Amino acid sequence: MPESKTHKAAKIRGGRGKVLTEVKIPGKRRLDAKIGRLAREVEKSGSPAKIAEAIKRLNTQKTLRKELLVSNEDLDKAKEIAQQVAKGRLTIQNLGRTKRRFNK
């Protein structure tokens with residue numbers, strides 16, 4: 001399925017300088033975006049399993065700030081999942097970046 005316009009816009013928005021999209025990570029996986037020292041994943045589906053997979057992809061980035069973008073309705077759900085799955089600090093924001101939750 002092709003990437004939606006909102007997904008593409010969310011992963012590159014706010015990027016200053018070099019924005020790398022679909023960055024290869026171990027295990028034949030890809031990270032949505034890497035902007036300087038920021039690793040970003042966008043998960044719009046709201047599925048707990050998909051949110052956990054996105055967090056696991058962010059866990060591969062040890063030295064970067066990690067940011068997960070989800071819809072407004074899924075902010076608290078994503079925080080609960082992050083408390084179980086995430087390793088290290090993780091910022092969870094809505095797609096418009098007006099609300100945020102922190103893990104650890």
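**Arg40, its pocket and the nonpolar core**

Arg40 has plenty of company: leaving aside residues up to four places away in sequence, Arg40 touches Ala10, Lys11, Ile12, Arg13, Leu31, Asp32, Ala33, Ile35, Leu58, Glu67, Leu69 and Arg97. The model is a predicted one, and in it Arg40 sits in strand β3. With a relative accessible area of 3%, Arg40 falls under the 20% limit and therefore counts as buried. One of the contacted residues, Glu67, also pairs with Arg40 through a polar contact between the two side chains, at 2.5 Å.

The other half of that pair, Glu67, belongs to strand β4. Glu67 is buried too, at a relative accessible area of 7%. Beyond four places in sequence, the residues that Glu67 touches are Leu38, Ala39, Arg40, Glu41, Leu58, Leu90, Thr91, Gln93 and Arg97. So Arg97 turns up in the contact lists of both Arg40 and Glu67, and Leu58 does as well. Glu80 makes a handy reference point for Glu67: the two are 13 residues apart in sequence, and their C-alpha atoms are 15 Å apart in space.

Both partners of the Arg40–Glu67 contact also help to line the second largest pocket. That pocket has a volume of about 220 Å³. Its lining is made up of Leu38, Arg40, Arg65, Lys66, Glu67, Arg89, Leu90, Thr91, Gln93, Arg97 and Arg100. Strands β3 (38-42), β4 (65-70) and β5 (90-94) are the elements that give two or more residues to this lining. Sorted by class, the lining holds 7 charged residues, alongside 2 polar and 2 nonpolar ones.

Leu90 links the pocket to another part of the picture. This residue lines the second largest pocket, and Leu90 is also among the residues with the most contacts inside the largest nonpolar core, together with Ile55, Leu68 and Ile92. The core has 19 residues. At least two of them come from each of β1 (19-25), α2 (48-59), β4, α3 (75-85) and β5. Helix α2 provides the largest share, with 5 residues. As a general point, nonpolar side chains in soluble globular proteins tend to be buried together.

Leu68 shows what a spot in that core looks like. Setting aside residues up to four places away in sequence, Leu68 touches Glu41, Glu43, Ile51, Ala54, Ile55, Leu58, Ala78, Leu90, Thr91, Ile92 and Gln93. Among them are Ile55, Leu90 and Ile92, which share with Leu68 the listing for most contacts inside the core.

Ala54, another contact of Leu68, lies in helix α2. At 0% relative accessibility, Ala54 is buried. Apart from residues up to four places away in sequence, Ala54 touches Glu41 and Leu68. Ala54 and Glu41 are 13 residues apart along the chain, with 6.3 Å between their C-alpha atoms. Glu53 is also found in helix α2, but this residue is partly exposed, with a relative accessible area of 43%. Between Glu53 and Arg101, 48 residues apart along the chain, the C-alpha separation is 18 Å.

Over in strand β1, Thr21 is partly exposed, at a relative accessible area of 37%. Its contacts, again not counting residues up to four places away in sequence, are Lys11, Ile12, Leu31, Asp32 and Ala33. These five residues are also found in the contact list of Arg40. Thr21 and Lys11 are 10 residues apart in sequence, and from C-alpha to C-alpha they are 7.9 Å apart.

Two residues have a backbone detail worth a look. Glu22, found in strand β1, has a phi near 50°, a positive value in a residue other than glycine. Glu22 is partly exposed, with a relative accessible area of 31%. Lys28 also has a positive phi without being glycine, here near 55°. Lys28 is found in the loop between β1 and β2 (29-35). At 88% relative accessibility, Lys28 is over the 50% limit and so counts as exposed.

Conventions: Residues are numbered from 1 along each chain as its sequence is written. This is a predicted model: local features need pLDDT of at least 70, side-chain atom pairs count only at pLDDT 80 or more; totals for chains, interfaces and linings use all residues. Side-chain values use heavy atoms; hydrogens and water are left out. On a 1 Å grid over the protein atoms alone, a cavity is a set of points where a 1.4 Å probe fits but cannot get out, and a pocket is an open set with protein on both sides within 12 Å along at least five of seven lines; lining residues have an atom within 4 Å of a point. Grid points are joined across faces, edges and corners, and a volume is the space filled by probe spheres set on the points. Helices (H or I, at least four residues) and strands (E, at least two) are DSSP runs, numbered from the N terminus. Ala, Val, Leu, Ile, Met, Phe, Trp, Tyr, Cys and Pro count as nonpolar, Asp, Glu, Lys and Arg as charged, and the others, Gly among them, as polar. A nonpolar core is a set of buried Ala, Val, Leu, Ile, Met, Phe, Trp, Tyr and Cys residues joined through side-chain atoms within 4.5 Å. Buried means under 20% relative accessible area, exposed over 50%, partly exposed in between (1.4 Å probe, protein chains only). Contact means heavy atoms within 4.5 Å. A polar contact is a pair of N or O atoms within 3.5 Å; within protein, one must be able to donate a hydrogen and the other to accept it, and residues adjacent in sequence count only if both atoms are side-chain atoms.
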